[in-house]
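Visitor: I would like a close look at one part of this model, with the reasoning spelled out. Please take the side-chain pairing first and then what surrounds it.

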Amino acid sequence: MKAAQAILFGTLALTGAAGQSPVGKVIELLSGLEAQIQKEGEASAKLNSEKEEWCKDVATNLGFEIQTGSSEVDKLKAVIGKEAATISALTSKVEELGAAIAKDEKDLAAIP
């Protein structure tokens, strides 16, 4: 381990004399990565905010649609009940008229 450290420091010293040091290059790369990660984080936060807003809007709209649909269901149930009563009344009326016609036909047939 000590030999590897000595080689590393020796390489760093030689490279530093020739130009930018490896440590400087690493720091430069890390700074660039940090800036990129911050930029991506800001973009991700913006997308997340837009998604939350969209979800809130959709949830609100669906709530209104459910409320409207429930109201319409209640109205249609009332109409169905009313029409069922009308059908029942008209069925009774048809039966009465059928009986009256049958009686009239029987009376008509009885006439010589």
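Guide: What follows covers the salt bridge, then a nonpolar patch, then the chain as a whole. The model is a predicted one, and its chain has a mean pLDDT of 87, with 83% of the residues at 70 or more.

The structure holds one salt bridge. The partners are E28 and K25, and their closest N and O atoms lie 3.9 Å apart. That pair qualifies because the cut-off for a Lys or Arg side-chain nitrogen and an Asp or Glu carboxyl oxygen is within 4 Å. As for where the partners sit, E28 and K25 both belong to helix α2, which spans residues 22–110. They are three residues apart there, so about one helical turn separates them.

How open to solvent are the two residues? E28 has 43% relative accessibility and therefore counts as partly exposed. K25, with a relative accessible area of 37%, is also partly exposed. The reasoning rests on the class limits: partly exposed lies between buried, under 20%, and exposed, over 50%.

A separate feature is a nonpolar surface patch made by V26, L30, L33 and I37, with an area of about 380 Å². One of its members, L30, is found in helix α2. L30 has a relative accessibility of 54%, so it counts as exposed.

The rest of the chain gives the setting. There are two helices and zero strands. Of the 112 residues in the chain, 0% are buried. The accessible surface comes to about 9,800 Å², and carbon and sulfur atoms account for 66% of that area.

One stretch calls for caution when reading the model. Over residues 14–18 the pLDDT stays under 50, and the model has three contacts for this stretch beyond four places in sequence.

To return to the part you asked about: the salt bridge joins E28 to K25, and both residues lie in helix α2.

Technical notes. Residues numbered from 1 in each chain as written. Predicted model: local features only at pLDDT ≥ 70, side-chain atom pairs only at ≥ 80, totals over all residues. Heavy atoms only, no water. Helix = DSSP H or I, 4+ residues; strand = E, 2+ residues; numbered from the N terminus. Buried < 20%, exposed > 50% of the residue type's maximum accessible area, 1.4 Å probe, protein only. Patch = residues over 30% accessible without salt bridge, like charges linked within 9 Å, V, L, I, M, F, W, Y side chains within 5 Å. Areas by Shrake-Rupley, 256 points an atom, 1.4 Å probe, with all protein chains shown as cover. pLDDT = per-residue confidence, 0-100. Contact = heavy atoms within 4.5 Å.
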